[in-house]
Amino acid sequence: MWLTNSSVGRKVIMSVTGLFLVLFVTFHALMNAVAIISLSAYDAICEFLGANWYAVAGTAVLAGGFAIHIIYAFWLTFQNRKARGNNRYAVNSRPKNVEWASQNMLVLGIIVCCFLILHLFQFWANMQLPELLNNELSPEFRTGEKALETIFGNNNWWVLPVYLIGFAALWFHISHGFWSAFQTLGTANDKWIPRWQCISKWWASIVFIMFAVEAIYFALHFNGIINC
């Protein structure tokens, strides 16, 4: 099949799944912003996205998209290194107009993946998973507000820098991957590539700022430093 048997086809799959994940990350940042405005509204959203069939289906689709994206990332990287052979060991200066993120997308992806595993362990494994297994939720995770307080409060100050590092890696990953996906899909010519690059950096920056502000607010609020 063309999508799996050719490098171009594999790049198309990487691009489509990547854009899908960018949309989810954007939605997640917007959802978290609700917690700053109203914790009760955030609790309602978390309850809506509990172990209902539509939430489970959405989680399955998201997990599938993420898994495919990761698998194809390693596949393409291995393919490229195999094609370069011994040349990959040569010390070369970085070509002009080649972004740092472009040369380190796999490393950035691994950092994001490790951060995601931590995030899933802290939230999903303690909220939606117990419901799926028909287990009773612990008091610390019965509402979205309680979950945020458990993770960011209790003087768990290590959580904030770890999350900020994850968000920074996500910024680099999105800022390059977003416009590169449109180029792979054939929607970016010499005129539109600079435009997509600009849009990518703006989009990644807005998502990063939202996540960073939210994490800082949660850490300060649930440790009693600010009470607004």
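Mentor: A helix here is a DSSP run of H or I with at least four residues, and helices are numbered from the N terminus. With that in hand, Ser15 can be placed in helix H2. One thing to keep in mind as we go: this is a predicted model.

Trainee: Thanks! Before we go into single residues, how many helices and strands does the protein chain have?

Mentor: The secondary structure comes to 10 helices and zero strands. Read from the N terminus on, the order of elements is α-α-α-α-α-α-α-α-α-α.

Trainee: And what share of the residues counts as buried?

Mentor: Burial is read from relative accessible area, with under 20% counting as buried. In this protein chain, 36% of the 228 residues fall in that class.

Trainee: How do I read the sequence separation of contacts, and what percentage join residues at least 24 apart?

Mentor: Begin with contacts between residues at least 6 apart in sequence; of these, 71% join residues at least 24 apart. Met14 gives you a case to look at. Met14 sits in helix H2, and its C-alpha is 8.5 Å from that of Ile70, a residue 56 places away in sequence. Beyond its neighbours within four places, Met14 is in contact with His69, Tyr72, Ala73 and Leu76.

Trainee: Is Met14 buried or exposed?

Mentor: Met14 counts as buried because its relative accessibility is 18%, and the cut-off is 20%. Now go back to Ser15, also in helix H2. Ser15 is buried too, at 6% relative accessibility.

Trainee: Which residues does Ser15 touch, leaving aside its neighbours within four places in sequence?

Mentor: The contacts of Ser15 are with Ala181, Thr184 and Leu185.

Trainee: Let's move to helix packing. At what angle do helices H2 and H3 pack?

Mentor: The angle runs from 0 to 180 degrees between the N-to-C directions of the two helices. For H2 (residues 7–37) and H3 (residues 39–48), the angle is about 145 degrees, and the axes are 6 Å apart. On the H2 side, Met31, Asn32, Val34, Ala35 and Ile37 make the contact, while H3 supplies Leu39, Ala41, Tyr42 and Ile45. Sorted by class, this contact has eight nonpolar residues, one polar residue and no charged ones.

Trainee: Charge is a good next topic. How many salt bridges does the count come to?

Mentor: The general idea first: side chains of opposite charge can pair when their charged atoms come close. The count here is one salt bridge. Its partners are Glu136 and Arg142, with the closest N and O atoms 2.8 Å apart. Glu136 is exposed, at 68% relative accessible area, whereas Arg142 is partly exposed, at 48%.

Trainee: And the cysteines? How many disulfides does the structure hold?

Mentor: A disulfide needs two cysteine sulfur atoms within 2.5 Å. The structure holds zero disulfides. Take Cys114: the closest cysteine sulfur belongs to Cys113, at 5.9 Å, so the two are too far apart for a bond. Cys114 is partly exposed at 49% relative accessibility, and Cys198 is partly exposed as well, at 42%.

Trainee: How should I read backbone angles? Which sign does phi have in Asn134?

Mentor: Most residues other than glycine have a negative phi. In Asn134, phi is positive, about 60 degrees, although the residue is not a glycine. Asn134 lies in the loop between helix H7 (128–132) and helix H8 (144–152), and it counts as exposed at 70% relative accessibility. A second case is Asn154, where phi is positive and near 60 degrees. Asn154 belongs to the loop between H8 and helix H9 (159–184), and it is exposed at 53% relative accessibility.

Trainee: Which residues does Asn223 reach with its side chain, and at what distance?

Mentor: A polar contact pairs N or O atoms within 3.5 Å. The side chain of Asn223 reaches the backbone nitrogen of Asn155 at 2.7 Å and the backbone oxygen of Ala219, also at 2.7 Å.

Trainee: Where does Asn223 lie, and which residues is it in contact with away from its sequence neighbours?

Mentor: Asn223 is in the segment after helix H10 (192–222). Leaving aside neighbours within four places in sequence, Asn223 is in contact with Phe152, Gly153, Asn154, Asn155, Asn156 and Trp157. You have met one of them already: Asn154, with its positive phi.

Note on methods
Residues numbered from 1 in each chain as written. Predicted model: local features only at pLDDT ≥ 70, side-chain atom pairs only at ≥ 80, totals over all residues. Heavy atoms only, no water. Helix = DSSP H or I, 4+ residues; strand = E, 2+ residues; numbered from the N terminus. Contact = heavy atoms within 4.5 Å. Nonpolar A, V, L, I, M, F, W, Y, C, P; charged D, E, K, R; others polar. Salt bridge = Lys/Arg side-chain N within 4 Å of Asp/Glu carboxyl O. Buried < 20%, exposed > 50% of the residue type's maximum accessible area, 1.4 Å probe, protein only. Polar contact = N/O pair within 3.5 Å; in protein donor to acceptor, adjacent residues only side chain to side chain.
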